Amino acid sequence: MSRVPELRGRHLRLREIRVTDHVPYTRIVTHRLLTRYLGIDRMDEAEAHDAFARTMGQAHCHPRRRYTLAVCSLDDDSLVGTMGLLVEEYGSNAMLTSLVLLPGAPMAGHGHEAGRLLMAFGFGQLGLHRIWAGHRSDHPRMADVMRAAGLRREAMLRQLFRTQGCWHDVTTYAAVAPEWKLQATETELAILDGAPRLQGCH
């Protein structure tokens, strides 16, 4: 089993998905608006159940390549969003995936922090060299989220995936470990090192 330790930031934390997360997870993947910009179509209840089962099994795969984590507030263990990392089968690369927050989540406006925590884990304990991410080119807010996560814009991939009956262009961003580490916070450096570190100013 390859489990991720709790990753705690200033406004939110990430943890492994648990059986008790089934209801809020299902709410996300069956929600018409929350799935609008994802690379998957909105699921029905049966599809959501199967997807949740696959997500629960990720920690039991060896080698583990998929990490779908629950986004929680600092003082409440309830799942209010998801954040993922997909490790590619070649090189030392991975893709950030599935950043979604439920309406009214207390860390609204800080979703980039989930990406940064997972990048610190990837660059540190997973030994990755390059992490990339993408968003539908027509998404109105994701460019700011990508920049806040420390990702640099790279390219526009034409008609990369098809959802809701249409093909969508995707804008891609990436960070490489040596550069990203230079702007990491003390909290992120602690995750990179895999050891406790006194929290300083951010």
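Me: What makes β5 and strand β6 (residues 130-136) a pair?
Reply: The model is predicted. In it, three bridges link β5 and β6, in the parallel sense. Two strands pair if there are at least two bridges between them. Three bridges meet that cut-off, so β5 and β6 pair.

Me: Which residue of β6 is the bridge partner of Met95?
Reply: Trp132 is the bridge partner of Met95. On β4, Leu86 also stands opposite Met95.

Me: How do you know that β4 and β5 pair too?
Reply: Count the bridges again. β4 and β5 share six, in the antiparallel sense. The cut-off is at least two, so β4 and β5 pair. Gly84 standing opposite Thr97 in β5 is another match across the strands.

Me: What lies between β4 and β5?
Reply: Five residues do, and the two strands form a hairpin. Gly91, in the turn, has a positive phi of about 65 degrees.

Me: What about the hairpin of β7 and β8?
Reply: Here two residues lie between the strands, and Gln164 takes a positive phi near 50 degrees. Strand β7 (residues 152-163) and strand β8 (residues 166-176) run antiparallel, joined by eight bridges. At one of these places, Phe161 has His168 of β8 as its partner.

Me: In what order do the strands of the sheet stand?
Reply: The order is β1-β2-β3-β4-β5-β6-β8-β7, in an open sheet of eight strands with mixed pairing.

Me: Why are β1 and β7 called edges?
Reply: Each has a single partner strand, so one side of β1 and one side of β7 lack a neighbour in the sheet.

Me: Why are helices α1 and α2 called oblique to each other?
Reply: Check the angle. Helix α1 (residues 22-29) and helix α2 (residues 45-56) pack at about 125 degrees, with axes 9 Å apart. Roughly perpendicular covers 65 to 115 degrees, and roughly antiparallel needs over 145. An angle of about 125 fits neither, so α1 and α2 are oblique. Their crossing is right-handed.

Me: Which residues make the contact of α1 with α2?
Reply: From α1 come His22, Tyr25, Thr26 and Val29. From α2 come Glu45, Ala48, His49, Ala51, Phe52 and Thr55. They divide into five nonpolar, four polar and one charged.

Me: What covers the buried residues of α1?
Reply: The cover includes α2, β4 and β5 (93-101). The buried residues are Pro24, Tyr25, Thr26, Ile28 and Val29.

Me: Why is helix α6 (residues 186-193) described as largely enclosed?
Reply: Buried means under 20% relative accessible area. Six of the eight residues of α6 are buried, so the rest of the structure largely encloses this helix. The six are Thr187, Glu188, Leu189, Ala190, Ile191 and Leu192. They pack against β1 (7-8), α3 (111-124) and α5 (177-182). Just after α6 comes Gly194, with a positive phi of about 70 degrees.

Me: Why is Asp75 called exposed?
Reply: Its relative accessible area is 74%. Exposed means over 50%. The value 74% is over that cut-off, so Asp75 is exposed.

Me: Where is Asp75?
Reply: Asp75 sits in the loop between β3 (66-73) and β4 (76-87). Arg54 is 21 residues from Asp75 in sequence and 28 Å from it in space, C-alpha to C-alpha.

Notes:
Residues numbered from 1 in each chain as written. Predicted model: local features only at pLDDT ≥ 70, side-chain atom pairs only at ≥ 80, totals over all residues. Heavy atoms only, no water. Axes fitted to C-alpha atoms, helices over the stretch in contact; angles between N-to-C directions. Helix = DSSP H or I, 4+ residues; strand = E, 2+ residues; numbered from the N terminus. Left-handed = near helix turned anticlockwise from the far one by under 90°. Contact = heavy atoms within 4.5 Å. Nonpolar A, V, L, I, M, F, W, Y, C, P; charged D, E, K, R; others polar. Buried < 20%, exposed > 50% of the residue type's maximum accessible area, 1.4 Å probe, protein only.
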